[in-house]
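Reader: I would like to go through the labels used for this model and hear the grounds for each one.
Author: Go ahead and ask.

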Amino acid sequence: IFFKPRDVVSGDFYWLSDVRTGDEKVVLAAIDCTGHGVPGAFMSMVANDVMNYIVNERKVTQAEEILTLLHKGIRRILHQKETKNRDGMDMSLVVLNPYTKMLEFAGARNPLVYIKQGELHTVKGDKMPIGGVRSKEEERTFTRQVAKIDQPTMCYMVSDGYPDQFGGPHNRKFMSKNLRNLLLEIYQKPFDEQQQILENRLDAWMQTNED
């Protein structure tokens, strides 16, 4: 986990649950809410509560259904149909069955990146957020995608926080392509070492801009 919020509280958060409904499922999400600081943290609290209700109370473990229900819950709680409030979130979510070695993914604008046998794969999410108001608001349904991870597989979920940081000799964004290349460099290393490399590389990138 590499979590470095700009403020004391954040609109980005990660969510994890181990659900037992006759067949164990692990649900993990990386969520990027609208706003920073206190407004972002408020959205994080709302999203966290809705996720707890959907997964832990209702025992929903289908990846795309979790996103669809989260969208409906955010719209309802914030009265977005009436207020036209546009707050929402981008996210990636996986559901792992540790026995069948199947990984379900659903995303709202954010992808899943996984590396297997030295090859990096990017699974794109749907091009729509959770919550908010669109110019043509229709029933929003999300797509489930499935990957077999019977062989050693390293999976990553990120917000846009890392690739959007400015720095380097020309004061440009780090960019998703550079992040993917970095992940290919480090994916075989221990987790704590990966985390440290990610932090060091980002700090060096941003300090180059400051210099």
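Author: This is a predicted model. A place to start is Thr61, which lies in the loop between helix H1 (37-57) and H2.

Reader: Why is Thr61 called buried?
Author: Its relative accessible area is 4%. Buried means under 20%, so Thr61 gets that label.

Reader: What does Thr61 touch, leaving out residues up to four places away in sequence?
Author: Thr61 touches Val19, Lys25, Ile66, Val95 and Glu104. For each of these, contact means heavy atoms within 4.5 Å.

Reader: Val19 belongs to strand S1 (residues 12-20). Which face of S1 is Val19 on?
Author: Val19 is on the covered face, together with Phe13, Trp15 and Ser17. The uncovered face has Asp12, Tyr14, Leu16, Asp18 and Arg20.

Reader: What makes S1 and strand S2 (residues 24-33) a pair?
Author: DSSP has to find at least two bridges between two strands. S1 and S2 have nine, in the antiparallel sense, so they count as paired. Phe13, for one, has Ile31 as its bridge partner in S2. The hairpin has three residues between the strands, and Gly22 there takes a positive phi near 95°.

Reader: How do you know that Asp18 and Arg20 form a salt bridge?
Author: Their closest N and O atoms are 3.9 Å apart. The cut-off is within 4 Å, so the pair qualifies. Glu24 also forms a salt bridge with Arg20, at 3.6 Å. Asp18, Arg20 and Glu24 are thus linked in a network of salt bridges.

Reader: Which of these three residues are buried, partly exposed or exposed?
Author: Glu24 has a relative accessible area of 14%, which is under 20%, so Glu24 is buried. Asp18 has 44%, which falls between the two limits, and is therefore partly exposed. Arg20 has 59%, which is over 50%, so Arg20 is exposed.

Reader: How many salt bridges does the structure hold?
Author: There are nine. One of them joins the side chains of Glu64 and Arg144, with N to O at 3.9 Å.

Reader: Why does that pair tie together parts that are 80 residues apart in sequence?
Author: Because Glu64 lies in helix H2 (residues 63-77), while Arg144 lies in the loop between strand S7 (130-131) and strand S8 (145-148).

Reader: What makes Arg144 partly exposed?
Author: Its relative accessibility is 43%. That is neither under 20% nor over 50%, so the label is partly exposed.

Key. Residues are numbered from 1 along each chain as its sequence is written. This is a predicted model: local features need pLDDT of at least 70, side-chain atom pairs count only at pLDDT 80 or more; totals for chains, interfaces and linings use all residues. Side-chain values use heavy atoms; hydrogens and water are left out. Buried means under 20% relative accessible area, exposed over 50%, partly exposed in between (1.4 Å probe, protein chains only). Helices (H or I, at least four residues) and strands (E, at least two) are DSSP runs, numbered from the N terminus.
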